[in-house]
Amino acid sequence: MKRILAILFSLTLIFSLAACSGQNGESNPSSGSSTGESISPENSSAQPEQPSEPSDTASSETPNAKPVEGKTLVVYYSATNNTEAIAGYIANAIGADIFELVPVKPYTSDDLDWTNRDSRVSREHDDESLRTVELEKSVPDNWEEYDTVFIGYPIWWGIAAWPTDTFVKSNDFTGKTVIPFCTSSSSGLGQSGELLKEESGTGNWLEGQRFQSGASEDTVKEWILGLEL
Ligand SMILES: Cc1cc2nc3c(=O)[nH]c(=O)nc-3n(C[C@H](O)[C@H](O)[C@H](O)COP(=O)(O)O)c2cc1C
């Protein structure tokens, strides 16, 4: 009997040990998962930032910022290039042709010295009969094809620099929309546009615009966008 009891006890002990060993040997599916599932090589290593798209620098070079009906010409006179820059911005903004007024006898810096009472420009200012300035070319090619004409000039003593008058007197503006613009140190457009309009006697002249010498291309574009052409 003792022997039977000993055998039963041994068997019970063996089954108990087997059961314990089975529980401990099984891997726990959740063990380590708190880290293993959420971090992977793909999502743990930060991807290098993609280089950003080049910024849009084309705006200041974009022609046709404002479509204008028909053909447009930008005419200008400029002694020291300020008005020339504005003329270029306008032409660029609307895709217009450009025509420079060039005096047969260009103004040198001595000629332009308004502080000298004896300079060319001072003498012309003092004596209106001296202000007739002959131009290399005063009628643009295909003039009749243009529907809209911008006319730019520097302000001299409050009015349009006089090479501009030669151009205005030499052309027929019938059927054209004319938009004066000028540059100056401080004076406004004043009567300059009105006086040119009277000289021309034809055309639909709009009020026009004065720009500070050295005005930016964006300033000019804003003006163009506000025009009802
Ligand atoms: C002879 C002369 C007269 C000028 N008179 C005026 C004037 O009355 N008022 C003004 O604000 N600027 C005056 N200026 C400055 C010019 O209008 C200004 O510098 C203009 O932007 C020049 O344009 P440009 O570089 O296209 O020639 C005068 C300049 C010169 C040379």
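**Exercise 1. Sort the shell around the ligand by residue class, then find which residues come nearest and which elements supply the shell.**

Start with the classes. In this predicted model, the shell around the ligand holds eight nonpolar residues, twelve polar ones and one charged one.

Next, pick out the nearest residues. Out of 21 residues around the ligand, the ones that come nearest are Ser-78, Thr-80, Asn-82, Thr-83 and Pro-154.

Last, turn to the elements. Helix H4 (82-94), strand S3 (146-156) and strand S5 (177-184) each give the shell at least two residues.

**Exercise 2. Asn-81 and Trp-157 both have a positive phi. Place each one and work out how exposed it is.**

Take Asn-81 to begin with. Its phi sits near 80°, a positive value in a residue that isn't glycine. Asn-81 belongs to the loop between strand S1 (71-76) and H4. Now count neighbours: a residue is exposed with 12 or fewer other C-beta atoms within 10 Å and buried with 20 or more. Asn-81 has 13 inside 10 Å, so it counts as partly exposed.

Then Trp-157. Here phi is near 45°, again positive in a non-glycine residue. You'll find Trp-157 in the loop between S3 and strand S4 (159-160). It has 12 C-beta neighbours inside 10 Å, so it counts as exposed.

**Exercise 3. Describe how helix H6 packs against helix H7, and say what covers the buried residues of H6.**

Geometry comes first. The axes of H6 (residues 163-170) and H7 (residues 192-200) approach within 8 Å and cross at roughly 35°. The crossing of H6 past H7 is right-handed.

Now the residues that touch. H6 brings Thr-164, Asp-165, Val-168 and Lys-169, while H7 brings Leu-196, Glu-199 and Ser-200. Sorted by class, that contact has two nonpolar, two polar and three charged residues.

Finally, burial. The buried residues in H6 are Pro-163, Thr-164, Asp-165, Phe-167 and Val-168. Their cover includes S1, S3, S4 and H7.

**Exercise 4. Is Thr-177 buried or exposed, and which residues distant in sequence does it contact?**

Locate it: Thr-177 is part of strand S5. Count around it: 20 other C-beta atoms lie within 10 Å, so Thr-177 is buried.

Then list the contacts. Beyond four places in sequence, Thr-177 meets Asp-147, Thr-148, Asn-204, Leu-206 and Leu-229. As for that last partner, Thr-177 and Leu-229 are 52 residues apart along the chain, yet their C-alpha atoms are separated by 8.6 Å.

**Exercise 5. Repeat the analysis for Glu-128: where does it lie, and is it buried or exposed?**

Glu-128 lies in the loop that runs between helix H5 (120-126) and S3. Only 9 other C-beta atoms fall within 10 Å of it, so Glu-128 is exposed. Check a spatial distance too: Trp-162 is 34 residues away in sequence and 9.7 Å away in space, C-alpha to C-alpha.

**Exercise 6. Step back to the whole protein: what is its mean pLDDT, and over which residues does pLDDT stay under 50?**

Begin with confidence. The mean pLDDT is 80, with 71% of residues at 70 or more. Over residues 4-60 pLDDT stays under 50, and the model has two contacts beyond four places in sequence for that stretch.

Then the overall make-up. The protein has eight helices and seven strands, and buried residues account for 28% of its 229 residues. Of the contacts with a separation of 6 or more, 78% link residues 24 or more positions apart.

Definitions and conventions:
Residues are numbered from 1 along each chain as its sequence is written. This is a predicted model: local features need pLDDT of at least 70, side-chain atom pairs count only at pLDDT 80 or more; totals for chains, interfaces and linings use all residues. A residue is near a molecule or strand if its C-beta atom, placed from the backbone, lies within 6 Å of it. Helices (H or I, at least four residues) and strands (E, at least two) are DSSP runs, numbered from the N terminus. Ala, Val, Leu, Ile, Met, Phe, Trp, Tyr, Cys and Pro count as nonpolar, Asp, Glu, Lys and Arg as charged, and the others, Gly among them, as polar. pLDDT is the predictor's confidence in each residue, from 0 to 100. Two residues are in contact if their C-beta atoms, placed from the backbone, lie within 7 Å. Axes are lines fitted to C-alpha atoms, for helices over the stretch in contact, and angles run from 0 to 180 degrees between N-to-C directions. A crossing is left-handed if the near helix is turned anticlockwise from the far one by less than a right angle, and right-handed if clockwise.
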